[in-house]
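User: Please go through this structure with me, covering the ligand site, the aromatic rings and one cysteine.

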Amino acid sequence: MNDDAFSDSQAFRDEMIETQCRQRGVRDARVLSAMRTVPREIFVPAGAADRAYEDCALPLALDQTISQPFMVARMTELLQLGGADTVLEIGTGSGYQTAILARLAKHVFTIEWHATLMEAAAERLARLRIPNVTFRCGDGSLGWPEHAPYGGIIVTAGGPTVPAALSEQLADPGRLVMPVGPVEDQTLVLVVRRDAELKRSDVLKCRFVKLLGAAGWRA
Ligand code: SAH
């Protein structure tokens, strides 16, 4: 798709941001404008481009999903990223959330369990000329200690608890968002580290695909 085609979808994007995000309470102007610049249609599977701006998660390969636009906006807003922050993302999936994070942070380190998904996401970000992302295939439930600490950590798959390695790799100050709870019924949890204290709060009910790995569910 060329740049004209991206601008053709601008009206869909503006509508998505207004009705699905802003009117539901996402008010952070930096987050909304980052979402305005990322064409969602290149992140959905071939043949589903006409559904890219629908108000729902959509299926990816290997039984995974691209998150609902509202959920991407809300989770990103909760991180309160500044341009100097380094972010760790677990569950690259399509790379859509990664692209939004990259617009707001200095650098994004992103980990995906499935190599084929990681490769497709890396290609999409290269095509959009988004340079400040490093990809890794592996178990993100252990974090990525080499680049820690992170000002923001986002997990886009649901696990039984917040993995200890991720709390350890959170900067002070730093913010982590993750769906936690049983496979069928999770709560989006926000963990804030400030002045050497960790505070946890529940944000909303949600349902994500399983976080696999050492601190996730059994594969
Ligand atoms: N943010 C993505 C969501 C993808 S779904 C998007 O909107 O496209 C969640 C992803 O987490 C899946 O791609 C799945 O393969 C990945 N995943 C599950 N467990 C993981 C783990 N332990 N480490 C890294 N990725 C994991």
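The questions and answers below concern a predicted model.

User: How much of the ligand's exposed area does the protein bury, and which polar contacts are found with backbone atoms?

Analyst: A backbone N or O atom of Ser67 lies 2.9 Å from a ligand oxygen atom. For ligand nitrogen atoms, a backbone N or O atom of Gly138 is at 3.4 Å from one, and a backbone N or O atom of Gly91 is at 3.5 Å from one. Taken alone, the ligand exposes 570 Å², and the share of this that the protein buries is 99%.

User: How many residues surround the ligand, and which are the closest?

Analyst: The ligand is surrounded by 25 residues. The closest are Ser67, Ser94, Glu112, Gly140 and Leu212.

User: How many aromatic pairs are there, and what is the geometry of the pair formed by Phe43 and Tyr96?

Analyst: The count comes to four aromatic pairs. Phe43 and Tyr96 form one with 5.6 Å centre to centre and 70 degrees between the planes; planes over 60 degrees apart count as edge-to-face, and the pair is edge-to-face.

User: How many residues apart in sequence are the parts that Phe43 and Tyr96 tie together?

Analyst: Both Phe43 and Tyr96 are buried. Phe43 lies in the loop between helix H3 (29-36) and strand E1 (58-59), whereas Tyr96 lies in helix H5 (residues 96-104), so the pair ties together parts whose separation in sequence is 53 residues.

User: Which charged residue sits over the ring of Tyr96, and which lies over the face of Phe70?

Analyst: The charged end over the ring of Tyr96, 4.8 Å from its centre, belongs to Arg40. Over the face of Phe70, at 5.7 Å from the ring centre, lies Arg24.

User: Why is the pair of Phe109 and Trp144 classed as it is, and which residues make up the cluster?

Analyst: The ring centres of Phe109 and Trp144 are 5.3 Å apart and their planes are at 75 degrees, so the pair is edge-to-face. Phe109 is in strand E4 (residues 107-112) and Trp144 in the loop between strand E5 (133-137) and strand E6 (150-155), 35 residues apart. Phe109 counts as buried at 9% relative accessibility, and Trp144 counts as buried at 8%. The cluster linked by ring pairs is Phe109, Trp144 and Tyr150.

User: Is Cys206 buried or exposed, and which residues is Cys206 in contact with, leaving aside neighbours within four places in sequence?

Analyst: Cys206 is found in strand E9 (residues 197-206). Its relative accessible area is 9%, which is under 20%, so Cys206 is buried. Leaving aside neighbours within four places in sequence, the contacts of Cys206 are Met71, Pro179, Asp185, Gln186, Thr187 and Leu188.

Note on methods. Residues numbered from 1 in each chain as written. Predicted model: local features only at pLDDT ≥ 70, side-chain atom pairs only at ≥ 80, totals over all residues. Heavy atoms only, no water. Helix = DSSP H or I, 4+ residues; strand = E, 2+ residues; numbered from the N terminus. Buried < 20%, exposed > 50% of the residue type's maximum accessible area, 1.4 Å probe, protein only. Contact = heavy atoms within 4.5 Å. Phe/Tyr/Trp six-rings, centres within 6.5 Å; stacked < 30°, edge-to-face > 60°. Lys NZ or Arg CZ within 6 Å of the ring centre and 35° of its normal. Near = heavy atom within 4 Å. Polar contact = N/O pair within 3.5 Å; in protein donor to acceptor, adjacent residues only side chain to side chain. Areas by Shrake-Rupley, 256 points an atom, 1.4 Å probe, with all protein chains shown as cover.
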